[in-house]
Amino acid sequence: MQPPSTSQSNEYDSVLAPGTSLLADTAIASNRVSIHLKGLPSNLNLDPSLPALVYTELINFGRCKKRSGSRHCVMCGRSAGGECVIPTQNKDVCNVCDTGIWLLMYKNVHFKWCKGCKKFLHLHAFAQKLGAVAKSKSGAKKGPPKQPTKCDICRGRGRDAYRAKREQALTQAALHGPSTTVKSQELDEEAE
């Protein structure tokens, strides 16, 4: 299946949810397969039975084969350096492109980068946190709610690691006295 022609901007109106727009730095070009969205789409498909995403079908630009050449983001096409930071573990996805929600144009599928798994996943992998973001209202002090950076599985793994670390600190405090209790209190403060 071929991506649709993107020569006219009104073609995007049919796939963008109401209240959702393209990010300002996302140029609409004929070579774009995926577009970066601003905000949370209202028509989220959180169906877990969707087929797995293939990295090479999602990216807008090819990966740099040799590390000696100039690196560029595979999603926005910007060269590394200055404002465009591409971590080595991010599979050539820059820090701007790894934070938002993307739309695969020719399949009308939303996806997002997981900073734990280091890969693009369907939005259903972020359902737990996305549901909380969609329900919450932006507070005056905190600003708009933040989208998740890790999928539900990675968030669960992080919670388990924190719990194990905290239990270990509490066990050491019970065995060795109150001097190690300070560490468990610091862990509690970090969690808040």
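Start with the cysteines: select them all and show their sulfur atoms. In this predicted model, the count of disulfides is 0. Cys-76 is a good one to centre on, because a disulfide needs sulfur atoms within 2.5 Å, and the nearest cysteine sulfur, in Cys-73, sits 3.7 Å away. Cys-76 has a relative accessible area of 16%, so it counts as buried.

Now move to Cys-117. Its closest cysteine sulfur belongs to Cys-154, at 3.4 Å, which is too far for a bond. With a relative accessible area of 29%, Cys-117 is partly exposed.

Next, zoom out and colour the chain by secondary structure. You should find 5 helices and 5 strands. Following the chain from the N terminus, the order of elements is α-β-β-α-β-β-β-α-α-α. Switch on the surface if you like: the chain exposes about 11700 Å², with carbon and sulfur atoms supplying 53% of that area. Of the 192 residues, 34% count as buried. As for contacts between residues at least 6 apart in sequence, 47% of them join residues at least 24 apart.

Then select residues 109-114 and 119-122 together. These are strands β4 and β5, which run antiparallel and are joined by 4 bridges. To see one pairing, pick Lys-112, whose bridge partner in β5 is Leu-121. The hairpin has 4 residues between its strands, and Lys-118 has a positive phi near 65 degrees.

Stay in β4 and select His-110, which belongs to this strand. Is His-110 buried or exposed? Its relative accessibility is 8%, so it counts as buried. Show what surrounds the residue: beyond its neighbours within four places in sequence, His-110 contacts Leu-37, Pro-41, Asn-43, Ile-101, Trp-102, Leu-103, His-122 and Leu-123. While the strand is on screen, a general point may help: side chains in a regular strand alternate between the two faces of the sheet.

For the last stop, step back to Lys-107, in the loop between β3 (101-104) and β4. Lys-107 has 44% relative accessibility and therefore counts as partly exposed. Which side chain does the Lys-107 side chain meet in a polar contact? Turn on Glu-57: the two side chains make that contact at 3.3 Å. Finally, add Ser-34 and draw a C-alpha to C-alpha distance from Lys-107; these residues are 73 apart in sequence, yet 9.8 Å apart in space.

Conventions
Residues are numbered from 1 along each chain as its sequence is written. This is a predicted model: local features need pLDDT of at least 70, side-chain atom pairs count only at pLDDT 80 or more; totals for chains, interfaces and linings use all residues. Side-chain values use heavy atoms; hydrogens and water are left out. Two strands pair if DSSP finds at least two bridges between them. Helices (H or I, at least four residues) and strands (E, at least two) are DSSP runs, numbered from the N terminus. Buried means under 20% relative accessible area, exposed over 50%, partly exposed in between (1.4 Å probe, protein chains only). A polar contact is a pair of N or O atoms within 3.5 Å; within protein, one must be able to donate a hydrogen and the other to accept it, and residues adjacent in sequence count only if both atoms are side-chain atoms. Contact means heavy atoms within 4.5 Å. Accessible areas come from the Shrake-Rupley method with a 1.4 Å probe; for residues, only the protein chains shown count as cover.
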